[in-house]
2 protein chains.
Amino acid sequence: MDEPRWLDETEMAAWRGFVEATNLVARRLERQLKDDAGLSHTQYEILVQLSAAPEGSLRMTDLADRLVTSKSGLTYQVTQLEKAGLVGRRSCPGDVRGVIAELTEQGWHTLRAAAPGHVAAVRDTLIDVLTPQQLAALADSLNTVADRLRATDA
Amino acid sequence: MDEPRWLDETEMAAWRGFVEATNLVARRLERQLKDDAGLSHTQYEILVQLSAAPEGSLRMTDLADRLVTSKSGLTYQVTQLEKAGLVGRRSCPGDVRGVIAELTEQGWHTLRAAAPGHVAAVRDTLIDVLTPQQLAALADSLNTVADRLRATDA
DNA sequence: AGCGTTCGGTTCAAATTTGAACCAGATTCG
DNA sequence: CGAATCTGGTTCAAATTTGAACCGAACGCT
């Protein structure tokens, strides 16, 4: 194990910033959603992903891919949302094993009700804090990272 | 509740990128640390913060501030690390209530052993994926966000 | 058709996280 | 001094997350 390449000052700043911003933003938004809409961020993300899919429905596996949770974690949360009446399960035509999660009427309604407050919070914590240039740069960098990880995960 | 300002394309890209990169990077590094060093990222962060402090020790409250966990979460993790022999608790001179967490010899050793692999993984997932310009821009944006949140949390 | 492998989802126990309640030691004023 | 309040840390129950084990169904091949 030879001497590794340590991080220089900028690299360290990027990394510390990443860790810190990540946690702080997550914490802040978690609370906002819980307080204002009674949803965890995970649950909100599930609703968002479903709402963006055709018919407001997705197969469990596809949903798990888009979110970044374990399969069992998804099963758990979908069950919670089902109990709350926001999501339903249907079986998947053509594959008996498959399960399709689908937004209910109430799910759509809850999401529409939660979205404005959440967007405002996102602006407040992340978007409006930065200049347009910073924001564009951030989007560029983070998407590079995300794409790269998506690719190498497979 | 009037019509909110929705996110435009760049804003949305930044936000989605943030959520996605955040989760993917966290997941990746969590696994790396667990596999290679038997530590969770939280635990590793505790060791790092302690190692950066004078004497390798910090008061619980200060530690909780630097990490971004709840007080009870910190108590739990420090107890775990104590069981593992990486951290010790001392009482705080001058304030009977206070507790100081302190790296043990073994804690230093474990951290030194874990660091190279972790740094390599950080490079791999985040740093080396970006150009120097992207990296500098990322550091700039994220630190702006973090600083701003630190300020408004108080 | 038959066999071995992969896939999709759930179940389970164990580890972690969180917020609220709590306790004892500080602080602050009147 | 002494009551009222605040602080630092732990404890507790409840919610969540994770990975491993599992089961039945689909697939690839012979």
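The paragraphs below go through a predicted model, beginning with the contact between its two protein chains and then turning to the two DNA strands.

Chain A and chain B meet in a contact to which chain A gives 60 residues and chain B gives 61 residues. The area buried between chain A and chain B is about 5,800 Å², and carbon and sulfur atoms supply 68% of that area. Polar interactions are also found there, with 20 residue pairs in polar contact between the two chains, both partners being at pLDDT 80 or more. On the side of chain A that touches chain B, the elements that give two or more residues are helix 1 (9–37), helix 2 (41–52), helix 5 (105–127) and helix 6 (132–153) of chain A. Sorted by class, this side of chain A has 31 nonpolar, 15 polar and 14 charged residues.

The charged residues lead on to the salt bridges. Side chains of opposite charge can pair when their charged atoms come close. Over all chains the count comes to 18 salt bridges, and eight salt bridges are found across the interface of chain A and chain B. One of the salt bridges is formed by A:Arg16 with B:Glu45, whose closest N and O atoms are 3.0 Å apart. Because A:Arg16 lies in helix 1 of chain A while B:Glu45 lies in helix 2 (residues 41–52) of chain B, this pair joins two chains.

How the two protein chains are placed relative to each other is the next point. Two copies of a chain are related by a rotation about an axis and a shift along it. Here a turn of 180° with a shift of 0.0 Å along the axis lays chain A on chain B with an RMSD of 0.0 Å, which is the relation of a two-fold axis. The same surface serves both copies, in that 100% of the contact residues of chain A recur in chain B.

We now turn to the DNA. Around DNA strand C there are 22 residues, of which A:Thr61, A:Arg89, A:Arg97, B:Tyr76 and B:Gln77 come nearest. Of the atoms of DNA strand C that come within 4 Å of the protein, sugar and phosphate account for 64%. Among the individual approaches, an N or O atom in the side chain of A:Arg89 is 2.6 Å from a phosphate oxygen of DNA strand C, and an N or O atom in the side chain of B:Tyr76 is 2.8 Å from a phosphate oxygen of that strand. The side chain of B:Arg97, by contrast, places an N or O atom 2.9 Å from a base nitrogen of DNA strand C. Two or more residues of the surface near this strand come from each of helix 3 (60–66) and helix 4 (71–83) of chain A and helix 4 (71–83) of chain B, and the largest share, five residues, belongs to helix 4 of chain B. By class, this surface divides into four nonpolar, 11 polar and seven charged residues.

For DNA strand D, the residues that come nearest, out of 22 around it, are A:Tyr76, A:Gln77, B:Thr61, B:Arg89 and B:Arg97. Sugar and phosphate make up 66% of the atoms of DNA strand D that come within 4 Å of the protein. A polar side-chain atom of A:Tyr76 lies 2.8 Å from a phosphate oxygen of DNA strand D, and for A:Ser70 the corresponding distance is 3.5 Å. Helix 4 of chain A gives the largest share of the surface near DNA strand D, five residues.

Conventions:
Residues numbered from 1 in each chain as written. Chains lettered and ligands numbered in written order. Predicted model: local features only at pLDDT ≥ 70, side-chain atom pairs only at ≥ 80, totals over all residues. Heavy atoms only, no water. Contact = heavy atoms within 4.5 Å. Buried area = accessible area lost by both parts, 1.4 Å probe. Salt bridge = Lys/Arg side-chain N within 4 Å of Asp/Glu carboxyl O. Polar contact = N/O pair within 3.5 Å; in protein donor to acceptor, adjacent residues only side chain to side chain. Helix = DSSP H or I, 4+ residues; strand = E, 2+ residues; numbered from the N terminus. Nonpolar A, V, L, I, M, F, W, Y, C, P; charged D, E, K, R; others polar. Least-squares fit on C-alpha atoms with pLDDT ≥ 70 in both. Near = heavy atom within 4 Å.
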